[in-house]
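Trainee: I have just opened this model and would like to learn to read it residue by residue. Could you choose a single starting point and take me through it closely?

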Amino acid sequence: MRSVLRLELEEAKVMVEAAKRASREAGAFETICVVDDGGYVIALERMDGARRTGPELAIAKAFTASSHKRSTHLFNEPGGPATPTGEAFGIHAMFPGKFAIFVGGFPIVVNGEVIGGIGVSGGSGEQDKAVGVAALRALQEYLGDGYEVLVKADIKK
């Protein structure tokens with residue numbers, strides 16, 4: 001038997017607040033979603049002025065990143081698994097409305113384990129990446145030196 005880390009509301013709130021600060025700095029109006037390792041929503045917030053489609057997109061991005069243990073944009077980059085010649089071409093059709101293969105979803109990896117995901121929707125691809133990384137960085141700062149959070153845009157576990 002092994003012990004597992006669980007992402008809880010307090011950590012999710014820290015990430016959402018950091019994401020909102022980064023969104024404002026970037027001049028974007030974002031929706032931010034944090035899910036647990038099963039892809040279930042812990043926290044969801046749509047900033048004033050953000051697109052109405054943002055919640056569904058952010059949830060799908062977070063679900064995809066958590067359940068498939070990789071940043072969502074990696075699916076669709078040249079040579080990625082969801083491209084027409086990739087081994088997972090069409091995977092998004094298997095999970096209609098739940099699987100996102102574009103920028104804005106990042107797995108939350110702590111001490112080498114995927115414990116959840118964060119989805120960011122509403123800015124440009126670069127803005128979404130910057131906001132997601134800011135949220136991961138905030139989680140590392142909150143947890144402190146006893147934990148190692150993977151803080152980068154391109155995550156593949």
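**A close look, starting from Glu45**

Mentor: Let's start with Glu45, which is partly exposed at 29% relative accessibility (buried is under 20% relative accessible area, exposed over 50%, and partly exposed lies in between, with a 1.4 Å probe and protein chains only). Residues are numbered from 1 along each chain as its sequence is written, and side-chain values use heavy atoms, leaving out hydrogens and water. The model is predicted: local features need pLDDT of at least 70 and side-chain atom pairs pLDDT 80 or more, while totals for chains, interfaces and linings use all residues.

Glu45 makes a salt bridge with Lys20, with 2.6 Å between the closest N and O atoms (a side-chain nitrogen of Lys or Arg within 4 Å of a carboxyl oxygen of Asp or Glu). Glu45 belongs to strand β2 and Lys20 to helix α1, so this bridge ties together parts that are 25 residues apart in sequence. Helices here are DSSP runs of H or I with at least four residues, and strands are runs of E with at least two, numbered from the N terminus. Lys20, unlike its partly exposed partner, counts as buried, with 11% relative accessibility.

The structure holds 6 salt bridges, and it helps to look at another two. Arg6 and Asp37 meet through their side chains at 3.5 Å, N to O. Arg6 is in the segment before α1 (9-26), while Asp37 is in the loop between β1 (31-36) and β2 (41-46), so this pair ties together parts that are 31 residues apart in sequence. Arg6 is exposed at 54% relative accessibility, whereas Asp37 is partly exposed at 40%.

The other one stays inside a single helix. Lys129 and Glu126 form a salt bridge at 4.0 Å, N to O, and both sit in helix α4 (residues 125-143), 3 residues apart, about one turn of the helix. Lys129 is buried at 17% relative accessible area, while Glu126 is exposed at 57%. Now back to where we began: Glu17, Lys20 and Glu45 are joined into one network by salt bridges that share partners.

From the charges, let's move to the nonpolar interior. The largest nonpolar core has 25 residues, and Met15, Val34, Ile108 and Ile118 touch the most other members; such a core is a set of buried Ala, Val, Leu, Ile, Met, Phe, Trp, Tyr and Cys residues joined through side-chain atoms within 4.5 Å. Helix α1, home of Lys20, contributes to this core, and so do β1, β3, β4 (113-121) and α4, each supplying at least two residues. Pick out Ile118: beyond its neighbours within four places in sequence, the residues in contact with it (heavy atoms within 4.5 Å) include Met15, Val34, Ala62, Phe106, Ile108 and Ala135.

Phe106 is also the bridge partner of Ile118 between β3 and β4. These two strands pair in the antiparallel sense over 6 bridges (DSSP must find at least two for a pair). Within their hairpin, 2 residues lie between the strands, and Asn111 takes a positive phi near 50°. Look at β3 from both sides: Gly105, Pro107 and Val109 are buried on one face, and Phe106, Ile108 and Val110 on the other. With 6 of its 6 residues buried, β3 is largely enclosed by the rest of the structure.

Apart from the largest core lies another, of 7 residues, among them Phe75, Ala88, Ile91 and Phe99. Phe75 and Phe99 also belong to a cluster linked by ring pairs, together with Phe63 and Phe95. There are 3 aromatic pairs in the structure; rings of Phe, Tyr and Trp (its six-membered ring) pair with centres within 6.5 Å, and planes under 30 degrees apart count as stacked, over 60 as edge-to-face and the rest as tilted. Phe63 and Phe95 have ring centres 6.3 Å apart and planes at 55°, so they are tilted. Phe63 is in helix α2 (residues 54-68) and Phe95 in the loop between α3 (91-94) and β3 (105-110), so they tie together parts that are 32 residues apart in sequence. Phe95 and Phe99, by contrast, are stacked, because their planes are at 25°, with ring centres 5.7 Å apart. Phe63 is buried at 11% relative accessible area and Phe99 at 8%, whereas Phe95 is partly exposed at 35%.
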